[in-house]
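Q: I have a structure to go through before I get back to the bench. Can we take it step by step?
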Amino acid sequence: MNNAIWWDRQEAKVCVLPNDSALSVVRALPPTGLIYSARMRGKEMRDSDGVFSQFYEALRLPDYFGWNWNALRDCLTDLHWISAKHFLLTVDDADTVLSESSEEREILFRALNDAVTFWAQKPELPGQEKTTFQVVLLRPPDIQEEVLREIRTD
């Protein structure tokens, strides 16, 4: 898959990859435009405060961020404070994220999927580059199906 296909995928879903997979620079970079890449540490996201802290730091969320799930959803579908047109969020050790709270884990994964879908469906305006938003969850190879099951939304 070349970089244009990676960024223009028709399937607007969070991508789950094994920790040891190699996402080449060619695939990770959009074909044109400015990219903002954020890498978050899943092991520091064991509770909601850890999740909000990682997103706050990685995405430089505005001071008015409300430190709750609705505020995170709002910020993921805004991002006006970052001067980029392409966003790549990577979460290391995704299997450890909110591992003690399946309910909050589902809320987070749904918010990420919703943000990917939001940006994919947002129309491209004349004279403006389309904003793209990709999320990659890295996990150990032996638990791929578990993580995949949890991020599926019906």
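A: Let us begin with a term: a residue is called buried when its relative accessible area is under 20%, and exposed when that area is over 50%. Please keep in mind that this is a predicted model.

Q: OK, with that in hand, how enclosed is β3?
A: Seven of the seven residues of β3 are buried, so the strand is largely enclosed by the rest of the structure. His86, Leu88, Thr90 and Asp92 point one way from β3, while Phe87, Leu89 and Val91 point the other way, and all are buried.

Q: Which strands pair with it, and in what sense?
A: β2 pairs with β3 in the parallel sense over seven bridges, and β4 also pairs with β3 in the parallel sense, over six bridges. To give one bridge from each pairing, methionine 40 has valine 91 of β3 as its partner, and leucine 88 has glutamine 134 of β4.

Q: Stepping back, what is the overall pattern along the chain?
A: The protein chain has six helices and four strands, and along the sequence they follow the pattern α-β-α-β-α-α-β-α-β-α. Of its 154 residues, 44% count as buried. Among the contacts with a separation of 6 or more, 65% are between residues 24 or more positions apart.

Q: And how much accessible surface is there?
A: The accessible surface of the protein chain comes to about 8,400 Å², and 49% of that belongs to carbon and sulfur atoms.

Q: What about the inside: how many residues are in the largest nonpolar core?
A: That core has 36 residues, and those with the most contacts inside it are Val51, Phe55, Leu59, Leu72, Leu108 and Phe133. The elements that each give two or more residues to the core are β2 (35-41), α3 (48-58), α4 (69-76), β3 (86-92), α5 and β4 (132-139).

Q: Which of those gives the most?
A: The element that gives the most is α5, with six residues. The buried residues of α5 are Arg105, Leu108, Phe109, Ala111, Leu112, Asn113, Ala115, Val116 and Trp119.

Q: Does the length of that helix add up, I mean, what span should α5 have?
A: Helix α5 covers residues 102-121, which is 20 residues, and at 1.5 Å a residue they should span 28 Å; the end C-alpha atoms are 28 Å apart, so the two values agree.

Q: Back to Phe55, what is it in contact with beyond its sequence neighbours?
A: Leaving aside neighbours within four places in sequence, phenylalanine 55 is in contact with Met40, Met45, Arg60, Leu61, Leu72, Leu76, Leu89, Leu108 and Leu112.

Q: New topic: how many aromatic pairs are there?
A: The structure holds eight aromatic pairs. Phe52, Tyr56, Phe65, Trp67 and Trp69 together form one aromatic cluster.

Q: Tyrosine 64, then: is it buried or exposed?
A: Tyrosine 64 counts as exposed because its relative accessibility is 57%, and it lies in the loop between α3 and α4. Apart from neighbours within four places in sequence, tyrosine 64 is in contact with Asp78, His80 and Trp81.

Q: One last residue, threonine 131: where does it lie, and is it buried or exposed?
A: Threonine 131 lies in the loop between α5 and β4, and it counts as buried because its relative accessibility is 15%. Again leaving aside neighbours within four places in sequence, threonine 131 is in contact with Lys85, Phe87 and Trp119.

Technical notes
Residues numbered from 1 in each chain as written. Predicted model: local features only at pLDDT ≥ 70, side-chain atom pairs only at ≥ 80, totals over all residues. Heavy atoms only, no water. Phe/Tyr/Trp six-rings, centres within 6.5 Å; stacked < 30°, edge-to-face > 60°. Expected span 1.5 Å × (residues − 1). Buried < 20%, exposed > 50% of the residue type's maximum accessible area, 1.4 Å probe, protein only. Core = buried A, V, L, I, M, F, W, Y, C linked by side-chain atoms within 4.5 Å. Contact = heavy atoms within 4.5 Å. Areas by Shrake-Rupley, 256 points an atom, 1.4 Å probe, with all protein chains shown as cover. Pairing = 2+ DSSP bridges.
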